[in-house]
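Colleague: Got a minute to walk me through this model? I'd like to go over the contacts and a few odd spots.

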Number of protein chains: 2
Amino acid sequence: MSQRPFNFSAGPAVLPESVLRTAAAEMLDWHGSGMGVMEMSHRGKEFQSIHAQALATVRELLQVPSEFHILFMQGGGLGENAIVPLNLSGGGAVDVVVTGAWSQKSLKEAGRYAQARVAASGEAGGFRDIPDPRNWQLRTEAAYVHLCSNETIHGVEFHTLPDLRALGCDAPLVIDCSSHILSRAIDWSRVGLAFAGAQKNIGPAGVTLVFVREDLLDRALPLCPSAFNYRTVADNGSMFNTPPTYGIYIAGLVFDWIRDQGGVAEMERRAIEKAGLLYAALDGSGGFYRNEVAAPARSRMNIPFFLADPALNETFLAGAKERGLLQLKGHKSVGGMRASLYNAMPLDGVRALVDYLQDFAHRHG
Amino acid sequence: MSQRPFNFSAGPAVLPESVLRTAAAEMLDWHGSGMGVMEMSHRGKEFQSIHAQALATVRELLQVPSEFHILFMQGGGLGENAIVPLNLSGGGAVDVVVTGAWSQKSLKEAGRYAQARVAASGEAGGFRDIPDPRNWQLRTEAAYVHLCSNETIHGVEFHTLPDLRALGCDAPLVIDCSSHILSRAIDWSRVGLAFAGAQKNIGPAGVTLVFVREDLLDRALPLCPSAFNYRTVADNGSMFNTPPTYGIYIAGLVFDWIRDQGGVAEMERRAIEKAGLLYAALDGSGGFYRNEVAAPARSRMNIPFFLADPALNETFLAGAKERGLLQLKGHKSVGGMRASLYNAMPLDGVRALVDYLQDFAHRHG
């Protein structure tokens, strides 16, 4: 088979080719069981082994301490925007750091369950930077502080998680790390709960990973649905309800692939290289293209950019598709273009994009 | 490839072999798009066409009237046990007909949001029959009446849905039809809402189908999470949050397969034939095997049965596995055996099971 096109979708997104090949080969018969993974009872020993292996590998990859439970849930990031306050807020105060569209959504949904307040916001600056943590307005009574550690739409990433205790705040930090999970280490000493919809940097939509510290399991509001109660899900090993079995299997294959490639440190090395190439091409285009995010807050995973002449947008996209560079259109709320450089995006894909950027600018500049 | 084993799992469960072959063949490249289905943006035209086609086909197969919305959600039947009362109860009265383990669970979860009460129960009789609707205790103020139209664990099926109006009740009927959806027609004139976790008679775990009548969309309690609010999900075409795209794709392939086989009427004809064969073998075994459900309430989909001598259970299961008859162990709460004869179970599988039943009884009787 010839080379696959390069898929820059923000999610659902590209998967490693070897993962897809394994999934195709095992579709009718997983490891001689006579069943495909989609056909297995979640209670049977075959799927139990798939589940246990996925959990063990992601725990190892992210060095997750033993006091954190790892749950496979459903409902994605938008589901967690309700599930987190249902479980953690106690109906009290929740402080939200707003750095883009995703934390805005989290703020709005949390406000339905708790006294949610903006601790800091990058909105006035067009979400092009991260407000300095020393200026965050954190309440001593906050049940938790929420932030989105990588904003998929605005392309803003926390390269260091804040140390809330050093800021005088004892509340647990909740991070939505959907779109950069497994591209860098997580400093668990600074986190109480992390969640990630899998459809961005892991692969299959319909699986949500939740990493929750043991002491936060028992704070749910009475009206929290049982299927979304962290204690219930944890006590049942993510099998209170039937889990999204096939998605967990694919996630497990992705975890194995990351480990075999050299782990999260290697993913981070590649992410720095790939993002560096693309930002250099944008910044070096003499204004033909621009990314507007302040350098220290630029995301390695999601890189929105704009053509100086928006009238060329459709031509740009059509030409990209001809070269096998897919799904580069920006989110409708911001326009322009966006390249998502998740773990599964090979360096060759970024090189091909950079070549195209330069060629297109040369022809139309 | 030689014949696949026959998989009698209650769910996740067997899928049509041709569906699995299509999924494997399209894993790296769906219809020349250069992307696998798992890698596609849910907003792109490729996945939009997959989604629209799946919706249209299931609407045609089940003759769903236009006043019903069809939603693809997440969280399964146990999720819906909270999502339904969050959307429909208004915190008021909910009447539940209890015919087995699944409606018991629904009753318990509804009680967290509403004044849920048992309208009728088969528990005293060991869930071996369906209480006569003429004796149901229905409240005039009920926001809805809930029943499970096929109890997966106890093997009890409603072969006719009750006509609540004829019983003097104006409340909408909610049915959990997870384990027999698409094996028979649904009389929509008697139903306000139907839901089904897909992992039983459709295939992929992590997708829940919800059929909800237009007039029931706007009754949600204020604390209903946005991602699980029927109005929000309907207004966004099941794309308020990222839907479980791959599961929807597989469900669509299963819908196509049902249509190509002759539709729901043909599925029902086969179900009657398959279940008839198995019940006849059990009933004709001279007491070696027994199914305890009253004949008019026997499920065509899930057939629990017991060996007269439970000491033979392990021998029975081991011998079955040797013959390629998989996942026959009964649910842990009732013991014994269970054969699930979903749409994707071929007649040959039931014949092979019946042969084994007779052979085993002959050798051990």
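Modeller: Sure, let me start with B:R219, which is partly exposed because its relative accessible area is 37%. For the cut-offs, buried means under 20% relative accessible area, exposed means over 50%, and partly exposed is in between, with a 1.4 Å probe and protein chains only.

Colleague: And which residue does the side chain of B:R219 meet in a salt bridge?

Modeller: B:D215, at 3.9 Å from N to O. A salt bridge here is a side-chain nitrogen of Lys or Arg within 4 Å of a carboxyl oxygen of Asp or Glu. B:D215 counts as partly exposed, at 40% relative accessibility.

Colleague: Before I go on, what are the ground rules for this one?

Modeller: It's a predicted model, where local features need pLDDT of at least 70 and side-chain atom pairs count only at pLDDT 80 or more, while totals for chains, interfaces and linings use all residues. Residues are numbered from 1 along each chain as its sequence is written, chains are lettered from A and ligands numbered from 1 in the order in which they are written, and side-chain values use heavy atoms, with hydrogens and water left out.

Colleague: OK. How many salt bridges turn up over all chains?

Modeller: A search of the whole structure gives 52. One pair is A:D163 with A:R190, whose closest N and O atoms are 4.0 Å apart. That pair links distant parts of the chain: A:D163 sits in the loop between strand 7 (156–157) and strand 8 of chain A, and A:R190, 27 residues apart from it, in the loop between strand 8 and strand 9. Helices (H or I, at least four residues) and strands (E, at least two) are DSSP runs, numbered from the N terminus.

Colleague: Are those two buried, exposed or partly exposed?

Modeller: A:D163 is partly exposed at 26% relative accessibility, and A:R190 is partly exposed at 27%.

Colleague: What about B:R269 and B:E266?

Modeller: Their side chains meet in a salt bridge at 2.9 Å, N to O. They are about one helical turn from each other because they lie three residues apart in helix 7 (residues 263–283) of chain B. B:R269 is partly exposed at 44%, whereas B:E266 is buried at 18%.

Colleague: Which residues are linked in a network of salt bridges?

Modeller: A:E214, A:D218, A:R231 and A:D235.

Colleague: Switching to the interface: what area do chain B and chain A bury between them?

Modeller: About 4700 Å², with 60% of it on carbon and sulfur atoms. B:L28, B:M38 and B:E39 supply 15% of the area that chain B buries against chain A, more than any other three residues. Buried area is the accessible area (1.4 Å probe) that two parts lose on being put together, summed over both.

Colleague: How many residues does each chain put into the contact?

Modeller: 59 from chain B and 59 from chain A, with contact meaning heavy atoms within 4.5 Å.

Colleague: And how many salt bridges are there between the two chains?

Modeller: Two. The side chains of A:E39 and B:R4 meet in a salt bridge at 2.6 Å, N to O. On chain B, the elements that give two or more residues to the side touching chain A are helix 1 (17–25), helix 3 (76–88) and helix 6 (245–261).

Colleague: Now the odd spots. Which peptide bond in chain A is cis?

Modeller: A cis bond joins A:G11 and A:P12, with omega about -15°. A:P12 lies in the loop between strand 1 (6–7) and helix 1 of chain A. In chain B, the bond from B:G11 to B:P12 is cis too, with omega near -10°.

Colleague: What about the phi of A:H31?

Modeller: It's near 50°, a positive value in a residue other than glycine. A:H31 is in the loop between helix 1 and helix 2 of chain A, and it's exposed, with a relative accessible area of 56%. B:S238 also has a positive phi, about 65°, without being a glycine, but B:S238 is buried at 4%.

Colleague: Last one: where is B:L341?

Modeller: In the loop between strand 14 (337–340) and helix 9 (347–364) of chain B. B:L341 counts as buried because its relative accessibility is 0%. Leaving aside neighbours within four places in sequence, its contacts include B:F8, B:K274, B:L278 and B:V350.
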